[in-house]
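Q: Let us go through a model feature by feature. Please show me the structure, and then I will ask how each part should be read.

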Amino acid sequence: MKTHYSRSLIALSTTALALPGISQGDAPPLDSTFSYKFSNYKEDDLSRTEAPFGELERYDIDVHQFQLITPWGRNMALQVDGNYESLSGASPWFTSTGLDGEPVVNLSGASGIRDRRSELAIGARYYLENGSIGGNIGYSEEDDYRARYIGLSGERHFNNDLTTIGLGFSHSADDIFPTDASLFNRVASESKQSTSLVLSVSQIINQTTTVQTALSITEQSGYLSDPYKLFDVRPDDKTQFAWSNSFRHFFVEAEAAAHVNYRLYHDDFGVSSHTLDFAWHQNLPDDWRIIPNIRYYTQSAAKFFTNIDNPFTSSDQYQSSDYRLAAFGAISGGFSVVKNWGVWTGTLTAERYVAKEKYSGYTVALPSTALVSYTRLSVGFDYTF
Amino acid sequence: MQATLRRFGFQAMGSPCELQFYSDSTIEAKKASRRLAAEVVRLEKKYSRFLRDSYLTAINYSAGDSLGIRLDSETYRLLEHALACFEESEGLFDITSAPLAQLWDFRNARVPTQAQIDSALEHIGFHRLHWKKSRLHLPAGMSIDLGGIVKEYAADAVASNARRLGITHGLVNLGGDFAVIGPKPDDSPWPVGIVDPRKPDTLMAKINLGSGGIASSGDYARCFEHEGKRYSHIINPKTGWPCEGLRAVSVAANLSTVAGSMATIAMLKSRDAGIKYLKDSGLPHVYMTQEEDVGGEGLAPLAAAQTATDEQATA
């Protein structure tokens, strides 16, 4: 037998060994994709009965998101994410008693808040025969907030690629330095850390059905209160658990896919929540796709939630009137239209979210004064090259 | 319990196919063979030129579309391999040459006119494809045919899937293209016979295959004689006329896909260039010339015509 092989054999072996049926390896995307999305998130104004004095206008946020994913050699992909947000409006400052003893909300600042947030993250993923490993680092900065984070994740396929187990770790270190700290008696500078672990299992049931379940635990420590709320005192530690499940089924005849997700959440502030959402991805002729979706959310109140701040509690007694810690329910619905023109894909989305005490699946002992309702509109495109 | 040899025959890709492997459970073996056969059927349905709902039909239907079509990663890699075949054969192995094959009507033994050939040649040439990453722009009038690659690829894919199902000893045969799952339980190789193109029930060579695959290309299966001249079904995409080089080639390589591509390239070349190409490859091979001389290296040519009683024989 000869030990010298022709150049032709080497060339043909190289391309044949990259065939997915033979190598079965995970592979990075073939194309580079640049995506941009603009979203406007606008919270409904408060009514005069909810806030007798001052500003009624709540947050109005414009978000610009950029993403670039590009293959790097045969086994790697790089990803860059950019985010720019500009925010205006006001957020609840403190709650108090109205003329008839009912809780009312006082919004921050006569002229409201203006802030900008910029974020940049870069990541890389390396594809192996039976899975992939990846990592990313990111930095986010606002006038009064700075976050640095790192993430590592890996996944591995088993059982003839029908089962995938994923493990992820992330850590974030944040600094908080509220504006006008001395003027409003806010903390000058604080920090917090957050560490998360996620374990997920995905299973392909058959050619049209997949299920995924994931468990995550997040440990937060440091300054977890809201520095812009006058009487907000929360514990320095928080442990969060989440159990997320998703089910996808493709209907071949209808050329449509149903996505059903359910998430159960609990933390040791006392908040538990359930989220159930349903989306229908309908393919239409000429590369159009429409996606209606509906979501129900409900949560219980944190142990220290109050709807009327007590200005006389000692500073080590926990209390918060943050509506996000109240018991409530929310219903949201949205509609997306996606159209593909070759290398371009455009997406338009409208979403309406309404949170109400009466939607709550939990008993509402203390109704929040400032539950939020919002409208989000977004327009985006993807370009592959 | 002693693992016994299980054999499963099925029909796919227009050929008789057979899976042979050792397993100690009849039920498990049946389950596995059904899954493996399904992989062949999947590839057949995806890359059939004749099925109206195949992915390849959708690609060919996109010819002339200014938006082009997006290739999935499997098709992208197959095209990448087809490009390597095109380059390594200096343009002879061309997946866009289907219009010529249609023009040369072997069923009715009809020789097309030079004008017909010239007009078909205008729509042939891999280099005319606008292909950038996953987007393929197929010019109007052009089509692609992956038939020269997919059967061998399917044999390799089945062998690879079988290993992932835990099968360690077995052999895949898709219409004479073989891929080894693993050697026999005693580590001995699988004997594979190569059929004599002149007499389908006799062997012209034999090889012991412990790994990799063996594939064949030949014009004996489909050819015709017209006014005393023999026309091969293998068409030179540069001239538009049937090749007059070797009559049959079998190659053993690390993969059935590689073996099949090299056998086809050798067939497309002129006789001497084809023989040199095979010799330079360093791979075990056997060929038959138009003069019916048998040659090759690394395979055992059989001095006397041996009856093809050996159950695995490459056509």
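Q: Which residue of β6(B) is the bridge partner of B:Leu19?
A: This is a predicted model, and what follows should be read in that light. In β6(B), B:Leu19 has B:Val172 as its bridge partner. The pair belongs to a longer match: strand β2 (residues 15-23) of chain B runs antiparallel to β6(B), and five bridges join the two.

Q: Which strand of chain B do five bridges join to β6(B), besides the one just named?
A: Strand β7 (residues 177-182) of chain B is joined to β6(B) by five bridges, again with the strands antiparallel. One pair there is B:Asn173 with B:Phe178 of β7(B). The hairpin of β6(B) and β7(B) has two residues between the strands, and B:Gly175 there takes a positive phi near 55°.

Q: Are the faces of β6(B) covered or open?
A: The general idea comes first. In a regular strand, side chains alternate between the two faces of the sheet. In this case both faces are covered: B:Gly170, B:Val172 and B:Leu174 are buried on one side, B:Leu171 and B:Asn173 on the other. Counted along strand β6 (residues 170-174) of chain B, five of five residues are buried.

Q: What does B:Val172 touch, leaving out residues up to four places away in sequence?
A: B:Val172 touches B:Leu19, B:Ala155, B:Val158, B:Ala159, B:Phe178, B:Ala179 and B:Ile181. B:Val172 is also among the residues with the most contacts inside the largest nonpolar core, which has 93 residues. Others in that group include B:Ala154, B:Val158, B:Met262 and B:Ala266. The element that gives the most to this core is α6(B), with nine residues. Another core, of 23 residues, lies apart from it and includes A:Val104, A:Ala302, A:Phe305 and A:Phe328.

Q: How do α7(B) and α8(B) lie relative to each other?
A: The reading rests on the angle between the helix axes, where a value over 145 degrees counts as roughly antiparallel. Helix α7 (residues 256-268) and helix α8 (residues 271-281) of chain B pack at about 150°, with axes 7 Å apart. The two helices are therefore roughly antiparallel to each other. From α7(B) the contact takes B:Met262, B:Ile265, B:Ala266 and B:Met267, and from α8(B) it takes B:Gly274, B:Tyr277, B:Leu278 and B:Ser281. By class these are six nonpolar, two polar and no charged residues.

Q: Which strands stand at the edges of the open sheet β3-β5-β4 (chain B)?
A: The order of this open sheet of three strands is β3-β5-β4, with antiparallel pairing. β3 (69-70) and β4 (130-132) of chain B stand at the edges with a single partner strand each, so one side of each is left without a neighbour in the sheet. β4(B) pairs with strand β5 (residues 135-137) of chain B over three bridges. In β5(B), B:His137 is the bridge partner of B:His130.

Q: How many residues of chain B are in contact with chain A?
A: An interface can be described in several ways. Its size is often given as the accessible area lost when the parts come together. Here the description is a residue count: 32 residues of chain B are in contact with 25 residues of chain A. On the side of chain B, the elements giving two or more residues are α3 (73-88), α6 (147-164), α7 and α8. The largest share, 10 residues, comes from α3(B). That side divides into 12 nonpolar, 11 polar and nine charged residues.

Technical notes:
Residues are numbered from 1 along each chain as its sequence is written. Chains are lettered from A and ligands numbered from 1 in the order in which they are written. This is a predicted model: local features need pLDDT of at least 70, side-chain atom pairs count only at pLDDT 80 or more; totals for chains, interfaces and linings use all residues. Axes are lines fitted to C-alpha atoms, for helices over the stretch in contact, and angles run from 0 to 180 degrees between N-to-C directions. Helices (H or I, at least four residues) and strands (E, at least two) are DSSP runs, numbered from the N terminus. Angles under 35 degrees count as roughly parallel, over 145 as roughly antiparallel, 65 to 115 as roughly perpendicular and the rest as oblique. Two residues are in contact if their C-beta atoms, placed from the backbone, lie within 7 Å. Ala, Val, Leu, Ile, Met, Phe, Trp, Tyr, Cys and Pro count as nonpolar, Asp, Glu, Lys and Arg as charged, and the others, Gly among them, as polar. Two strands pair if DSSP finds at least two bridges between them. A residue is buried if 20 or more other C-beta atoms lie within 10 Å of its own, exposed if 12 or fewer, and partly exposed in between; C-beta atoms are placed from the backbone. A nonpolar core is a set of buried Ala, Val, Leu, Ile, Met, Phe, Trp, Tyr and Cys residues joined through C-beta atoms within 7 Å.
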